[in-house]
Amino acid sequence: MTTANKTPPGADPKQLERTGTVREIGSQAVWSLSSCKPGFGVDQLRDDNLETYWQSDGSQPHLVNIQFRRKTTVKTLCIYADYKSDESYTPSKISVRVGNNFHNLQEIRQLELVEPSGWIHVALTDTHKKPIRTFMIQIAVLANHQNGRDTHMRQIKVYTPVEESSIGKFPRCTTIDFMMYRSIR
């Protein structure tokens, strides 16, 4: 069991995107939930608003299923949780599972969250520290703070590494003859 890699309060995973090394791919997936209260579902989980949230409505474990149409490389999962706002609804133990479908999911991370407040970055890597390739990610909320029954999750983001293509790599033009033709006029 590991403790989540927590960013400082206010740190936003969009800062990762600005570096150009990753991009968010959650919009390419099909999202489903084990349960939700009306008006507190996938739309709120993915709306980029930290004031809205998914609220489960049923017995644990509470599940978020993220399915891709093709095998996809995933580097990081970012979850926003806020103990100060959600108290007993805040997850305290989360399992992250990956696989080809519901029938062969394997747990790759189990996190203990201690009164989280902000973005939690979960690296999804294999034994060689390379990003995983998967058709499906499942986030299972196994327990909540104060033995709460239902859970709140405010946002979830899924990131893939941006790979440089060999087409975009050109040698640097340093001679005057080359520099004349380096841009289109």
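Here a biologist and a modeller talk through a predicted model and the labels attached to its residues.

Biologist: Let's start broad. What does the secondary structure come to?

Modeller: The protein has four helices and 13 strands. Of its 185 residues, 44% count as buried.

Biologist: What makes Phe40 and Tyr53 a stacked pair?

Modeller: Two values decide that. The ring centres are 5.2 Å apart, and a pair needs them within 6.5 Å. The planes sit at 25 degrees, and under 30 degrees counts as stacked, so this pair is stacked.

Biologist: Where in the chain do Phe40 and Tyr53 sit?

Modeller: Phe40 is in the loop between strand 4 (29-33) and helix 2 (42-45), while Tyr53 is in the loop between helix 2 and strand 5 (54-55). They are 13 residues apart.

Biologist: Why is Tyr53 called buried, and why is Phe40 called partly exposed?

Modeller: Buried means under 20% relative accessible area, and Tyr53 has 18%, so Tyr53 counts as buried. Phe40 has 30%, which lies between 20% and 50%, so Phe40 is partly exposed.

Biologist: How do you know that Tyr80 and Trp119 are edge-to-face?

Modeller: Their ring centres are 5.3 Å apart, so the 6.5 Å limit is met. Their planes are at 70 degrees, and over 60 counts as edge-to-face, so that is the label. Tyr80 lies in strand 7 (residues 76-82) and Trp119 in strand 10 (residues 117-123), so the pair ties together parts that are 39 residues apart in sequence. Both Tyr80 and Trp119 are buried. With that, the count of aromatic pairs comes to two.

Biologist: What makes Glu51 exposed?

Modeller: Exposed means over 50%, and Glu51 has 64% relative accessibility, so Glu51 qualifies. Glu51 is in the loop between helix 2 and strand 5. From Glu51 to Asp82 is 10.0 Å, C-alpha to C-alpha, with their positions 31 residues apart in sequence.

Biologist: How many disulfides are there?

Modeller: Zero. A disulfide needs two cysteine sulfur atoms within 2.5 Å, and the count by that rule is zero. Cys78 is at 0% relative accessibility, under the 20% cut-off, so Cys78 counts as buried. Cys36 is at 35%, between the two cut-offs, so Cys36 is partly exposed.

Biologist: How do you know that strand 6 and strand 11 are paired?

Modeller: Pairing takes at least two bridges, and strand 6 (residues 62-74) is joined to strand 11 (residues 132-144) by nine. They run antiparallel, with Val64 opposite Ile139. Strand 8 (residues 91-99) also pairs with strand 11 in the antiparallel sense, over eight bridges, and there Val98 stands opposite Ile137.

Biologist: Which residues have the most contacts inside the largest nonpolar core?

Modeller: Ile66, Leu77, Ile137 and Ile156, in a core of 28 residues. Strands that each supply at least two residues of this core include strand 6, strand 11 and strand 13 (155-161). Ile156 touches Trp31, Val64 and Ile139, among others. A second, separate core of five residues includes Cys78, Tyr80, Trp119 and Tyr159, and Cys78 is also among the residues touched by Ile156.

Biologist: What share of the contacts joins residues at least 24 apart?

Modeller: It's 77%, taken among contacts between residues at least 6 apart in sequence.

Biologist: And how much area does the protein expose?

Modeller: About 11,000 Å², with carbon and sulfur atoms supplying 50% of it.

Terms used: Residues are numbered from 1 along each chain as its sequence is written. This is a predicted model: local features need pLDDT of at least 70, side-chain atom pairs count only at pLDDT 80 or more; totals for chains, interfaces and linings use all residues. Side-chain values use heavy atoms; hydrogens and water are left out. Rings of Phe, Tyr and Trp (its six-membered ring) pair if their centres lie within 6.5 Å; planes under 30 degrees apart count as stacked, over 60 as edge-to-face and the rest as tilted. Buried means under 20% relative accessible area, exposed over 50%, partly exposed in between (1.4 Å probe, protein chains only). Contact means heavy atoms within 4.5 Å. Accessible areas come from the Shrake-Rupley method with a 1.4 Å probe; for residues, only the protein chains shown count as cover. A nonpolar core is a set of buried Ala, Val, Leu, Ile, Met, Phe, Trp, Tyr and Cys residues joined through side-chain atoms within 4.5 Å. Lists of a residue's contacts leave out its neighbours within four places in sequence.
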